[in-house]
Each structure stands twice: as structure tokens, then as C-alpha cells.
Amino acid sequence: MLTRRLFLSDWGGITVLVLLLAMVVAVPYANLVLPPESPWHLSTYWVALLGKFLAFALLALAIDLIWGYAGILSLGHGAFFGLGGYAMGMYLTRQIGDRGVYGHPELPDFMVFLSYESLPWFWWGFDMFWFAMLMVVLVPGLLALVFGWLAFRSRVTGVYFAIITQALVFALMLAFFRNEMGFGGNNGLTDFKDILGFSVQARETRVALFVISALTLIAAYVAARYIVTSRFGRVLIAVRDAESRTRFAGYRVEHYKLWLFVFSAMLAGIAGALYVPQVGIINPGEFSPLRSIEAVLWVAVGGRGSLFGAIIGAFAVNGAKTWFTAAYPQVWLFFLGALFVLVTVFLPRGLVGIFRRRRTEGGA
Amino acid sequence: MSALRNIQTTMRRDRVFGFLQPEPDFALPVDTSHGAILYVEDVSVRFDGFLALNRLNLSVNEGELRCIIGPNGAGKTTMMDVVTGKTRPDTGRVYFGQNIDLLALDEYQIARGGIGRKFQKPTVFEALTVFENLELSMASDKGAWSTLFHRLTPEQRTRIDEVTEIIGLQEQQGWLAGSLSHGQKQWLEIGMLLMQNPRVLLVDEPVAGMTGDETERTGELLTSLAGDHTVIVVEHDMAFVRSIARRVTVLHQGSVLAEGSMNQIQSDPRVIEVYLGDET
């Protein structure tokens with residue numbers, strides 16, 4: 001019954017899930033089992049790259065959930081992604097222990113360099129994995145709760161909301177650039193060694209991180225699908241298309257937006273936490289407003305309001321970016337610009353719009 | 001002082017985590033023992049110096065079908081905004097029955113409490129089906145948590161089918177609301193109001209843009225609803241008002257100009273001067 005509700009007529013979603021599951025099996029096999037001489041062998045570089053795309057896809061999914069279904073355009077989701085990433089980065093930094101350049105048993109290198117006496121209070125507990133994982137969802141969730149409560153209560157919507165989310169992420173970037181904040185300033189956190197006792201550089205760890213990322217993305221997709229196919233999801237669509245009508249139907253629109261926003265922020269935080277060990281660094285650049293806008297564009301390219309379109313968009317744009325920046329580094333930005341112009345003009349419903357026919361009149 | 005009051009009302013100590021609590025469907029205990037269900041007393045609304053409502057007084061009895069007419073800018077829509085909680089008046093009082101102060105309630109509380117509103121421009125959820133539109137409007141627990149796990153009961157399904165039949169959209173029940181004709185959207189919106197089980201229906205220009213046939217059916221629908229519900233219709237179409245109205249209120253420049261049966265209204269010289277003049 002529930003399965004039917006979740007996947008009925010969601011062919012695109014099923015296809016994407018099947019592809020993801022296939023990757024969960026094929027990528028470890030191609031990397032660990034096949035010998036390097038085999039033409040099907042996948043290098044560890046590719047495993048980490050695909051793992052990074054999966055984290056981006058999760059971020060795109062989080063954005064599509066609020067933008068595509070509730071019409072909340074957040075141009076600052078990098079804030080939640082970055083905070084989740086920092087929480088993971090703090091855990092990884094604590095795992096370095098005395099193997100840092102300065103060999104201090106407790107303080108990370110940058111703190112020794114800045115002559116800290118002891119660990120600041122907000123670093124307490126991050127040596128424990130469970131605590132760090134809790135913070136990965138709690139910190140973005142709490143920020144979204146406070147920020148969203150203030151914004152939605154004052155009925156800030158549309159472009160005004162988008163602008164203040166830009167301000168939010170920009171403020172975070174400036175704050176994290178400061179050395180005094182205690183998060184490593186503009187260098188951020190890097191030079192990670194272990195995660196749960198496994199070396200982050202090891203091939204097996206990379207593959208494991210890839211598999212975890214893929215499974216998390218699948219779980220998040222199913223959860224998001226549950227939300228949008230519930231009555232809650234229909235209320236969201238109602239809010240998106242006729243907010244004041246929804247209010248006069250007796251719904252507290254602010255609460256709906258707030259809960260969805262918090263959930264989306266938590267997903268973004270998890271995405272950040274998956275991203276950091278795979279790329280090996282987190283720095284304030286993740287809070288750059290441009291990064292957040294780029295993430296929204298993945299969703300636009302993939303196709304807003306379909307969930308799986310966001311995943312496709314994240315893979316398509318980042319795949320193109322990887323290829324272009326290697327092959328023609330000078331023209332990448334022109335290509336990116338052209339891509340967005342072309343999508344807007346010819347594919348207003350994104351890449352999935354090519355395959356997805358509109359629910360036509362009378363054909364329910 | 002008012003700042004303090006604002007803080008006290010928005011940050012109530014007993015409601016710190018109010019958003020976590022279920023929101024039961026509450027029909028307000030409306031006391032209508034004196035007959036009237038809606039009182040509007042001395043209400044003034046000023047927008048940037050423009051007096052939209054000027055000491056408006058109005059009282060509507062339970063079960064009545066009341067038509068409100070008036071030229072553009074007479075304050076008809078503003079009056080609806082005040083009653084439904086969208087606009088807060090500068091002065092005056094608005095009561096639902098004798099006991100419920102509507103000015104102290106939010107839009108969602110008023111809507112759940114029994115006052116439904118149809119917009120001037122038909123407003124339905126176009127990306128959802130007719131069935132889903134009715135389902136969402138249904139009086140039930142509308143808290144965010146419960147809708148996440150909600151499942152439709154057979155009784156609720158029956159109720160949706162009943163209302164679908166009342167508004168005559170059985171065939172279109174599975175269609176997207178966006179694909180309905182203009183008139184059908186108007187009916188759907190009336191159906192959505194009915195799903196809320198309201199005591200009072202505020203209906204803003206129900207027949208705007210309808211064909212003659214559709215207008216006639218809408219008139220029948222509204223007259224059949226009066227009695228069980230109190231129906232307040234704001235309309236421009238005089239022929240339509242004539243065909244359904246028992247009691248008519250004429251608004252002019254934000255206050256009541258005249259009130260009475262259609263015949264009385266039509267022979268009132270003040271009304272003829274400001275409004276009916278060229279139409280009668």
C-alpha cells in the first residue's frame with residue numbers, strides 16, 4: 001500500500017533509484033575486485049568523485065523539496081551544507097590527535113599556531129562520532145528553525161526570502177573566514193587522517209563512503225517522496241500555488257513551511273557531512289553565496305518539482321563541470337552560462353521535462 | 001503599552017512550544033441565541049489616508065441569505081478581509097455570535113471556527129485534483145504532524161463525494177482543478193467552503209464571468225445553502241442579486257447606505273443616486 005503510494009507513476013524516480021542501487025553494487029566491484037588492467041576498472045579518484053556528486057545530489061534534493069513543492073526559494077542552502085560539513089570536519093580534525101604538524105595531543109594545528117591554551121567549548125564532544133553526527137543534523141536544523149520561524153512568521157516570501165537567505169550564507173562566510181571564530185579561518189579544516197579508525201585515504205574507506213552516500217541519498221529520496229505524497233505534501237502544493245487560500249482553508253501555513261524548511265536543512269547538513277571526508281577539506285568557500293546559487297541551478301537544470309530531477313541535474317551539471325574544467329578550463333564559465341540560458345529558454349521544465357509529459361487535462 | 005501587549009500575545013508563556021502540539025479541529029462555541037451570527041460594529045479601516053471602511057455597522061442573522069452590493073471602492077472586499085482576519089481594523093468590533101471576538105483570532109482560527117470565504121477571483125489549487133481540493137478543505141485536524149501521517153476514513157470519503165455531487169462535479173472529480181472551466185472553478189471553491197462545515201459563508205462575486213445558465217445554477221446552489229448556513233454574497237450583477245436576494249445591504253464609501261428588501265432598495269432615492277441610477 002505504502003510502496004504503491006510512494007512509487008505509483010513515479011517512473012523517473014524508480015529509474016534513478018535503480019541506477020543508484022546499480023552503482024552501489026557496480027562501483028565497489030569495479031574498484032576493488034577488477035584488476036587495474038581491466039578496461040572496466042574504476043580508479044579511486046572516480047569513486048571519490050562520484051561520491052562527491054552523490055553528496056551534491058542530496059543537497060539538490062533538499063533544495064527541490066522546498067523550492068519545487070512549497071515554493072520556498074532558498075539561495076542560501078550552502079549554509080546548512082557547510083555547517084553539516086564543518087561538524088564532520090571537526091570530528092575528523094579531532095581524530096588527527098597528535099599526528100598534526102605541531103604534534104599537540106589535543107589542539108588542532110591551527111589552534112596551536114594561534115596560541116590557544118585549550119580547546120574552545122564549542123569543540124567539546126566532537127571527538128565522539130555519535131555526537132558529531134548529531135550536530136550534523138542539529139546545528140543546521142536549529143539554524144533553519146530560528147531563521148525560518150522569524151521569516152515565515154513575518155510572511156517573508158518569494159524573492160525577499162531568497163535575498164535574506166543570501167545574506168545568511170554570506171554572513172556565515174564572513175564569520176568563518178575570521179580566525180577568531182575558532183574554525184580554522186580561511187584555511188578551514190583539512191589534513192584529515194582517520195574516520196572511525198579507518199584511514200580516509202584508503203581505497204576501501206573511499207568505497208565505503210561512496211556506498212554510504214548512495215544509500216543515504218536513496219533513503220532521503222524515499223523520505224522526501226513520503227512527504228510529498230502525503231496530505232502534508234498536498235498542503236505544500238496548495239501553499240505554493242495559492243498561499244492565502246490555504247490560510248483561509250484553516251491551515252497554519254507558517255508551520256508547514258517551517259517544518260519542511262528544517263527537514264530540508266537537515267538533509268543539506270547530512271549532504272555536507274558526506275561531502276567533507278570524500279574531498280578531504282572544508283573551508284568557508286562552501287558558504288560562498290555563489291555556491292548556493294549554483295546548487296539551485298542544478299535543480300533548475302534537472303527539473304524543479306520532481307525530486308529525481310534534482311538528482312539528475314546535480315549529476316549532469318557537475319559531470320559537465322568536471323569534464324569541462326579539465327578539457328577546456330577557459331571556457332567552462334561560458335559553457336555554464338550558455339547551459340542555463342538554453343535550459344531556461346528551451347527546457348523550462350528542466351531535463352526531466354523532456355521525458356515527463358504533463359498530467360493532461362482530464363487524464364487523472 | 002501596545003508594544004508590550006504585542007509581545008504578550010505573540011509570545012504567550014503557555015504556548016512556547018505551541019507548534020509542537022496537535023491542532024484539534026475546533027468549531028467555536030458560537031452563541032446565536034439572539035438570532036444574529038455576525039456583528040460588525042463601528043468598524044473603520046484606513047489605508048494610507050484612504051478610508052476604506054467608515055464606521056461600518058452590520059448585523060447578519062443566522063441562516064440568512066444576505067446580499068451586499070455597492071459601487072467599486074465601497075468597502076465590500078475590505079469588510080470580508082476584516083471578518084476573516086486578513087485585515088485588522090483601526091477601530092470597531094467584530095463578533096461571531098454574541099461571544100466570539102473575531103479580532104482576537106488569526107485567519108486559520110476563524111476559518112476553522114466556522115467562517116468560510118470564497119475569493120473574488122476563483123482560487124482553487126490548480127495542480128491538485130478536484131477530489132484533493134475538497135480533501136484539503138475538509139474540516140479535520142490541520143496540524144502539520146497529523147497531515148503527514150493522515151489517511152482518509154470512509155466517512156470522509158463519503159463526505160467528499162456528497163459535496164462533489166452538490167456542486168455537480170462528479171464527472172470531473174479526478175481532474176486537475178486547473179483544467180476546469182471558470183464556472184466549474186467557482187463551484188469547486190464553493191464546494192471547498194462546504195467541506196469546512198462553516199456556519200457562515202462569505203462569497204465574493206460568485207457569478208463573475210459565468211454564462212447565464214451557470215449563473216442560474218449558482219443562484220440555486222446558494223439559495224439551497226441558506227438556512228443550514230448563513231450566506232453572505234457580495235455581487236455586482238444586479239439581475240443575479242434580484243433573483244436570489246431576500247435582504248440587501250448597500251455599501252457606499254465604507255458605510256451602510258441602505259438596507260432592506262430588493263424592492264425597498266430599488267426605490268430608495270439615495271441608492272438610485274449613487275448606484276442603481278442607470279440600471280433601473
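**Sheets, helices and the chain contact**

In the second sheet of chain B described here, V200(B) has T230(B) of β8(B) as its bridge partner. The model is a predicted one, and this residue pair is a convenient place to enter it. V200(B) also takes part in pairing with another strand: within β7(B), V200(B) is the bridge partner of I115(B). Strand β7(B), spanning residues 200-204, thus joins to β6(B), residues 115-118, by 4 bridges in a parallel arrangement. Toward β8(B), residues 230-234, β7(B) pairs over 5 bridges, again in the parallel sense.

How many of the residues of β7(B) are buried? The strand is mostly covered, with 5 of its 5 residues buried. V200(B), L202(B) and D204(B) point one way from the strand, while L201(B) and V203(B) point the other way. Residues on both faces of β7(B) are buried.

These strands belong to an open sheet of 6 strands in chain B, ordered β6-β7-β8-β3-β9-β10 and mixed in its pairing. Its edges are β6(B) and β10(B), the latter covering residues 255-260, and each of them pairs on one side only. Ignoring direction, neighbouring strands of the sheet are turned by 20° against each other on average. Toward the β10(B) edge, β9(B), residues 247-252, and β10(B) pair over 5 bridges in the antiparallel sense. Here H252(B) stands opposite S255(B) of β10(B). Helix α2(B) packs on this sheet and touches β3(B), β6(B), β7(B), β8(B) and β9(B), with a direction at about 150° to that of β7(B). Helix α8(B), residues 212-225, lies across β3(B), β7(B) and β8(B) and runs at about 145° to β8(B).

Chain B also holds an open sheet of 4 strands, with the order β2-β1-β4-β5 and antiparallel pairing. The edge strands are β2(B), residues 50-61, and β5(B), residues 100-101, each pairing on one side only. Within this sheet, β1(B), residues 36-47, and β4(B), residues 91-96, run antiparallel and are joined by 5 bridges. Y39(B) stands opposite Y95(B) of β4(B). Helix α2(B), residues 76-83, lies across β1(B), β2(B) and β4(B), at about 115° to β1(B). Helix α2(B) therefore has contacts in both sheets, given its packing on β3(B), β6(B), β7(B), β8(B) and β9(B) and its place across β1(B), β2(B) and β4(B).

Taken as a whole, chain B comes to 11 helices and 10 strands. Of its 280 residues, 45% are buried. Among contacts in chain B with a separation of 6 or more, 69% are between residues 24 or more positions apart.

Helix α6(B) gives a clear example of a two-sided helix. It covers residues 154-166, and its 13 residues reach 19 Å from first C-alpha to last, close to the expected 18 Å. Which residues of α6(B) are buried? They are R159(B), I160(B), V163(B) and T164(B). These residues lie on the same side of α6(B) because they cover an arc of only 140° around the axis. Residues three or four places apart in an α-helix point the same way, because there are 3.6 residues a turn. The buried residues of α6(B) pack against α4(B), residues 130-137, and α7(B), residues 182-195. On the other side of α6(B), the exposed residues are P154(B), E155(B), R157(B), T158(B) and E165(B). After the helix comes G168(B), with a positive phi near 65°.

In chain A, helix α11(A) presents another picture. Its 27 residues reach 39 Å from first C-alpha to last, close to the 39 Å expected. The helix is mostly covered, with 26 of its 27 residues buried. G280(A), which follows α11(A), has a positive phi near 80°. The largest nonpolar core has 177 residues, and those touching the most other members are A57(A), L58(A), L59(A), A60(A), L61(A) and A271(A). Helix α11(A), residues 253-279, contributes the largest share of this core, 18 residues. Leaving aside residues up to four places away in sequence, L59(A) touches H77(A), F81(A), A268(A), A271(A) and A295(A).

The contact between the chains takes 24 residues from chain A and 28 residues from chain B. On the side of chain A that touches chain B, α9(A), α10(A) and α11(A) each supply at least two residues. Helix α9(A) gives the most, with 7 residues.

Definitions and conventions:
Residues are numbered from 1 along each chain as its sequence is written. Chains are lettered from A and ligands numbered from 1 in the order in which they are written. This is a predicted model: local features need pLDDT of at least 70, side-chain atom pairs count only at pLDDT 80 or more; totals for chains, interfaces and linings use all residues. The expected span of a helix is 1.5 Å times one less than its number of residues. A residue is buried if 20 or more other C-beta atoms lie within 10 Å of its own, exposed if 12 or fewer, and partly exposed in between; C-beta atoms are placed from the backbone. The arc is that of the directions from the helix axis to the C-beta atoms. Two residues are in contact if their C-beta atoms, placed from the backbone, lie within 7 Å. A nonpolar core is a set of buried Ala, Val, Leu, Ile, Met, Phe, Trp, Tyr and Cys residues joined through C-beta atoms within 7 Å. Two strands pair if DSSP finds at least two bridges between them. Axes are lines fitted to C-alpha atoms, for helices over the stretch in contact, and angles run from 0 to 180 degrees between N-to-C directions.
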